[in-house]
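The exercises below are meant to be worked with the sequence and the coordinates at hand. Each task is followed by a solution that goes step by step.

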Amino acid sequence: MQSSSDGYGSAKIILQVLRIYQNQGFSPVVVLTNEGPIQQNLSQLKIPVYVQNLGILRRKYITPTGLLNRLSKNLKAYRFLTELHQTYRFELVYSNTLAVIVGAYWAKRRHIRHIWHIHEILPGPKPLVKMLASLLDQSTPNPIAVSNAVANHWQPLLKESNIQVIHNGIPYDPFSEDYPDAKKDLGLHGDNIVIGMIGRINPGKGQLYFLEMADLLSKKYPNTHFILVGDPFPGYEPILEEMKKEVRDKNLEARVTYLGFREDIPKVMAALDIFVLPSILPDSFPTVILEAMASGKPVVATRSGGASEMVLDGETGYLIQVEDIEKGIQALEKLIQDSELRQNYGEAGRRRVLNLYSLQAFEEKIKTHLWQYLSQP
């Protein structure tokens, strides 16, 4: 079960997991909470897909009314899984992200093995964190965490479950290809130093923080241009409107380009000189940083969750404190002023991602986890 149907991080990872499960002789059936781009990918894999509102947990639902809404959706999803079970007779349930809770509860009630792939660091509210930790303990003996940061957050809250860290890995070949006209195709001048951020628009990703840095830097460095890629989660459209207002109010229309959702991320990455991910809430293990490093781009990211494991400060880019505008500006200025530094950091990042976060390593660890889990009594 998948919490989103877009083409962002967790959706890319579930596609890799499903390919591995298929190669191991399993016949996956996928339930998506809504329609979206990954349906085409699943169709290519010849995987049956069903769309059913799974009552996904989001921060916006952490209100009395919102939680009642989620309970209602989860009850309907529970009945839907029961009906689907009559056709497929499931032997294993895999839930991608803690935002999907119905699969764990449904599997527990039927004594079916359950794998939970944890992508979140959730500081609060405490009752929700406690509930999720309890459900993890009851349903999933060996959850997967995408980073040490995620495991370190959840493991102390668990009494029974033992978390295994498996860092994400994706196909990197598209990010090593040459796109000589990448800047031109985005309407940019070849001499521009292009600084980009790619990420789903939500309260934690830091798009407004990025725009604040863009405003200050563009005044000092006329040859810089800033790109934002990503569309909002449903319900977070006001953040996009606030971003557009910031661009208008600060007269940044000629210096900032908003591209919305893109499927050609390797080509967009090729157009960048510097990649920035200024998350202001803990970000578990951002797949987009892997993509940036594989593209040979220096990365500036906040010390927020898994980014601290991915980026080597002063070797593949810079790590800055959350919402520290001054440090963010200083880091970006070093890279803007020194093309050789950008190239050296980018090459070091590419070597690091191919050595430590390879798709092959990810596949082997997922396979080992699957068979060890299934062999348990």
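Buried means under 20% relative accessible area, exposed means over 50%, and partly exposed covers what lies in between. The coordinates used throughout belong to a predicted model.

**Exercise 1. Classify the two partners of the salt bridge between lysine 12 and glutamate 291, and locate them in the chain.**

Step 1. The side chains of lysine 12 and glutamate 291 meet in a salt bridge, with an N to O distance of 2.4 Å. The pair links distant parts of the chain, since lysine 12 belongs to helix α1 and glutamate 291 to helix α12, 279 residues apart.

Step 2. Glutamate 291 has a relative accessibility of 3%, so it counts as buried, whereas lysine 12, at 23%, counts as partly exposed.

Step 3. For context, a search of the whole structure finds 12 salt bridges. Side chains of opposite charge can pair when their charged atoms come close.

**Exercise 2. Contrast the salt bridge of lysine 183 and aspartate 273 with the one that aspartate 249 forms with lysine 245.**

Step 1. In the pair of lysine 183 and aspartate 273, the N to O distance is 2.9 Å. Lysine 183 lies in helix α8 (residues 182–185) and aspartate 273 in the loop between α11 and β10, so the pair ties together parts that are 90 residues apart in sequence.

Step 2. Under the 20% cut-off, lysine 183 is buried, with a relative accessible area of 16%, and aspartate 273 counts as buried at 18%.

Step 3. In the pair of aspartate 249 and lysine 245, the closest N and O atoms are 2.6 Å apart. These two residues are four residues apart in helix α10 (residues 237–249), and they are therefore separated by about one helical turn.

Step 4. An α-helix has 3.6 residues a turn, so residues three or four places apart point the same way. As for accessibility, aspartate 249 counts as partly exposed at 47%, and lysine 245 is partly exposed at 44%.

**Exercise 3. Test whether the length of helix α1 agrees with its residue count, and identify what its buried residues pack against.**

Step 1. Helix α1 (residues 9–23) has 15 residues, which at 1.5 Å a residue should span 21 Å; the expected value takes one less than the number of residues. The end C-alpha atoms of α1 are 22 Å apart, which agrees.

Step 2. The buried residues of α1 include Ile13, Ile14, Leu15, Val17, Leu18 and Ile20, and also Ser10, Gln16 and Tyr21. The elements that the buried residues of α1 pack against are β1, α2, β3, β4, α12 and α16.

Step 3. Just after α1, glycine 25 takes a positive phi of about 95°.

**Exercise 4. Describe the largest nonpolar core and the part that α1 plays in its make-up.**

Step 1. The largest nonpolar core holds 112 residues, of which Trp154, Phe275 and Ile289 touch the most other members. Its largest share, eight residues, comes from α1.

Step 2. Leaving aside residues up to four places away in sequence, isoleucine 289 touches Phe275, Leu277, Val299, Ala301, Ala307, Met310 and Val311. Apart from this core lies another, of 18 residues, among them Val29, Ala77, Tyr78 and Ala107.

Step 3. Ala107 is also one of the buried residues of helix α4 (residues 102–109), and the buried residues of α4 pack against α3, β3, β4 and α5.

**Exercise 5. Examine the backbone at threonine 97, asparagine 251 and the peptide bond from glycine 124 to proline 125.**

Step 1. Most residues other than glycine have a negative phi, and most peptide bonds are trans.

Step 2. Threonine 97, although not a glycine, has a positive phi of about 85°; it lies in the loop between β3 and α4 and is buried, with a relative accessible area of 4%.

Step 3. Asparagine 251 likewise has a positive phi, of about 55°, and is placed in the loop between α10 and β9, but asparagine 251 is exposed, with a relative accessible area of 60%. Histidine 111, which follows α4, has a positive phi near 55°.

Step 4. The peptide bond from glycine 124 to proline 125 is cis, with omega near 0°, and proline 125 is found in the loop between β4 and α5.

Methods. Residues numbered from 1 in each chain as written. Predicted model: local features only at pLDDT ≥ 70, side-chain atom pairs only at ≥ 80, totals over all residues. Heavy atoms only, no water. Buried < 20%, exposed > 50% of the residue type's maximum accessible area, 1.4 Å probe, protein only. Contact = heavy atoms within 4.5 Å. Core = buried A, V, L, I, M, F, W, Y, C linked by side-chain atoms within 4.5 Å. Salt bridge = Lys/Arg side-chain N within 4 Å of Asp/Glu carboxyl O.
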